[in-house]
Amino acid sequence: MAQEFNAENLPFSLLEANELALLQNNLDIGYYQQGENLITAGEAPEGLFIILKGKVRESESKDGEDEHVFVHYGDEDYFGAWSALKGKAIHNFVAEEETIAHILPTKLLLELVYSNPRFGDYFSRTLAAKTEIHEQQGEEQGMAEFMLAQVDGEVMRDPLIVLEETTIKETTALMREKHADSVLVKRGGRYGIVTGTDLLNAAVLKEVPLSTPVADIASYRLITVEAGDYLFNALTLMTLQHIERVVVMDDAKLMGVIELTDVLSYFSSHSHVIGLRIQRAATIEDLSRAAHGLNDLIRSLVSHGVKARFAMDLVAAMNERVMAKLFTLLVPEDILPHVCLVVMGSEGRGEQIMKTDQDNGVIMRDGLDWPDREKVLQTFTDTLIEFGYPECPGNIMVSNPYWVQHLGDWSQRLNHWANKAEGDALMNLAIAVDAKPVAGNPALFKAARNWFLRQMHNNEVFFSHFVKASLEFDTPLTFFGGIKSKDSGIDIKKGGVFPIVHGVRTLALQHRILETNTFKRIDALIEAGALKKQQGNDLVEALSIFVQIRLQQQLLRMDNEDFNESPNLIIPDRLDRLDKDLLREALKVVKEFKKHLSMRFHLDR
């Protein structure tokens with residue numbers, strides 16, 4: 001029977017080969033009838049149980065009252081480790097049907113915990129320890145995708161070509177204008193290459209006159225690769241030749257140039273390639289192609305096991321660059337210094353992974369007259385929709401004049417919402433205090449923000465009203481800590497994400513923390529002494545878990561047009577055992593945080 005044990009599941013996959021052999025050679029096996037106790041509260045268990053077949057409930061009964069069930073365990077689930085390590089169980093573990101289970105004796109469990117620290121850490125009660133190990137298991141990123149990637153337009157730069165009579169000075173100016181590191185020089189039927197370093201050496205070290213034709217300093221021994229060749233071969237060639245770029249040819253036709261930085265960035269999830277496309281976009285069509293590449297970036301990040309927190313940072317930066325570039329393409333140059341585009345809500349916090357609803361506005365200099373304003377901003381909204389950024393159901397977009405205001409009016413509106421602090425005013429304020437400037441003149445945004453922070457300083461009444469929204473939605477846990485799940489599932493945004501985000505937002509506003517990202521706000525609150533380090537770390541881990549589980553739902557929607565379920569609606573029974581366990585622990589963190597907020601802002605009175 002020991003051969004039926006699945007060693008690929010966590011935490012047993014953390015064991016070394018000799019440790020795993022020791023485990024398998026010492027496993028006992030037990031058979032239990034329906035209603036029989038595998039572990040009894042108050043007693044020392046035999047060890048750790050791994051279910052081969054059957055179903056077990058973890059429960060508690062007091063003073064003869066009906067049992068309160070915490071969780072059910074099924075095939076390949078394990079339980080009892082914490083009780084075995086502590087020497088006494090605090091709950092009953094009862095077979096709900098005929099059950100067969102492997103038993104890892106307590107003595108051997110202790111031996112493995114001491115010999116393998118990662119295995120021992122997995123049984124820690126802290127959320128951070130479990131999530132870290134879970135993520136490490138997914139970090140084997142395999143080279144297959146990279147090894148098979150081909151030389152194509154994804155990483156190839158369009159060639160910048162000059163004629164042989166072009167001077168060194170003219171070439172330098174052109175490279176600066178085009179943000180290029182090299183040019184190809186056409187001399188007759190041949191091509192040579194000149195890099196920025198070549199220009200510097202010629203002008204400074206060799207003191208070549210700037211009027212000299214650039215063809216005179218070009219190198220005509222081009223190192224080339226063929227279009228369609230493996231990208232890995234291009235990297236190997238650059239490494240062997242000690243160069244940072246190769247020229248791409250299609251037979252005798254010159255196609256482009258590949259830079260070493262672009263190849264390395266392709267391996268690190270294509271982000272640099274998309275960033276270059278955004279930077280170089282000269283038209284809306286160019287920018288559209290870059291924006292539509294973000295979904296592939298997201299898939300790549302997820303497939304490579306990148307932590308949700310860092311994936312959000314990267315994707316948020318890309319989204320900001322797309323919006324900033326579009327804004328500067330559409331808004332007249334003479335208007336740009338007098339306006340500021342801000343993104344708000346989850347965009348302002350940098351907590352979007354998938355493209356979700358637009359939340360943006362514009363702050364204008366007082367007295368600014370912008371005749372084509374409505375037309376330009378409507379085009380901005382419509383173009384973002386074409387790029388894949390959905391229209392905001394609440395119409396919180398620059399195409400709505402309500403969210404386009406002069407500086408004085410914007411500041412007074414913040415104050416009005418704060419004084420009212422309920423209903424739509426509360427929602428609008430919560431969205432607006434997460435604002436972040438992305439294009440135009442950021443000084444306009446900072447003036448409004450700093451004025452509002454001064455107005456709210458030490459206003460305990462406002463903060464007590466503002467934080468109440470964190471407690472509005474029930475945490476989907478039973479009285480004894482199990483997941484309270486209906487057949488329709490649980491709303492992870494209302495039950496998990498929002499209480500953390502809004503509670504942290506309130507604390508950050510109270511302590512005048514300028515960060516808008518929830519994770520960075522938590523770090524700043526810990527540093528300011530407003531949150532204990534352990535509590536802050538647990539909040540970070542809990543929010544990361546919610547984001548990761550929600551992302552899985554969003555990817556299903558993106559890959560399957562017939563998938564109509566809300567990305568916020570999670571059905572726990574569809575999660576694997578580990579994710580379900582992490583979800584339950586994360587919801588407990590939310591419950592404790594809500595208690596903390598209630599006491600901190602005296603909401604229990």
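This report describes the fold content, nonpolar cores and one sheet of a predicted model.

The chain holds 24 helices and 20 strands. Of its 605 residues, 49% are buried. Contacts between residues at least 6 apart in sequence join residues at least 24 apart in 71% of cases. The exposed surface of the chain comes to about 29600 Å², and carbon and sulfur atoms supply 49% of that area.

The largest nonpolar core has 97 residues, and within this core Met344, Leu429, Phe546 and Leu583 touch the most other members. Helix 23, residues 533-559, gives the most to this core, with ten residues. Around Leu429, with neighbours within four places in sequence left aside, the contacts are Leu414, Trp417, Ala418, Phe452, Phe462 and Phe466. A second core, separate from the one above, has 33 residues, including Leu368, Trp370, Leu377 and Val398.

One open sheet is built from three strands in the order 12-13-14, with mixed pairing. Strands 12 and 14 stand at the edges with a single partner strand each, so each has one side without a neighbour in the sheet. Direction ignored, neighbouring strands of this sheet are turned against each other by 35° on average. The residue ranges of the three strands are as follows.

| Strand | Residues |
|---|---|
| Strand 12 | residues 224-226 |
| Strand 13 | residues 245-250 |
| Strand 14 | residues 253-259 |

Strands 13 and 14 pair in the antiparallel sense over six bridges. Within this sheet, Val247 has Val257 of strand 14 as its bridge partner.

Conventions: Residues are numbered from 1 along each chain as its sequence is written. This is a predicted model: local features need pLDDT of at least 70, side-chain atom pairs count only at pLDDT 80 or more; totals for chains, interfaces and linings use all residues. Side-chain values use heavy atoms; hydrogens and water are left out. Helices (H or I, at least four residues) and strands (E, at least two) are DSSP runs, numbered from the N terminus. Buried means under 20% relative accessible area, exposed over 50%, partly exposed in between (1.4 Å probe, protein chains only). Contact means heavy atoms within 4.5 Å. Accessible areas come from the Shrake-Rupley method with a 1.4 Å probe; for residues, only the protein chains shown count as cover. A nonpolar core is a set of buried Ala, Val, Leu, Ile, Met, Phe, Trp, Tyr and Cys residues joined through side-chain atoms within 4.5 Å. Two strands pair if DSSP finds at least two bridges between them. Axes are lines fitted to C-alpha atoms, for helices over the stretch in contact, and angles run from 0 to 180 degrees between N-to-C directions.
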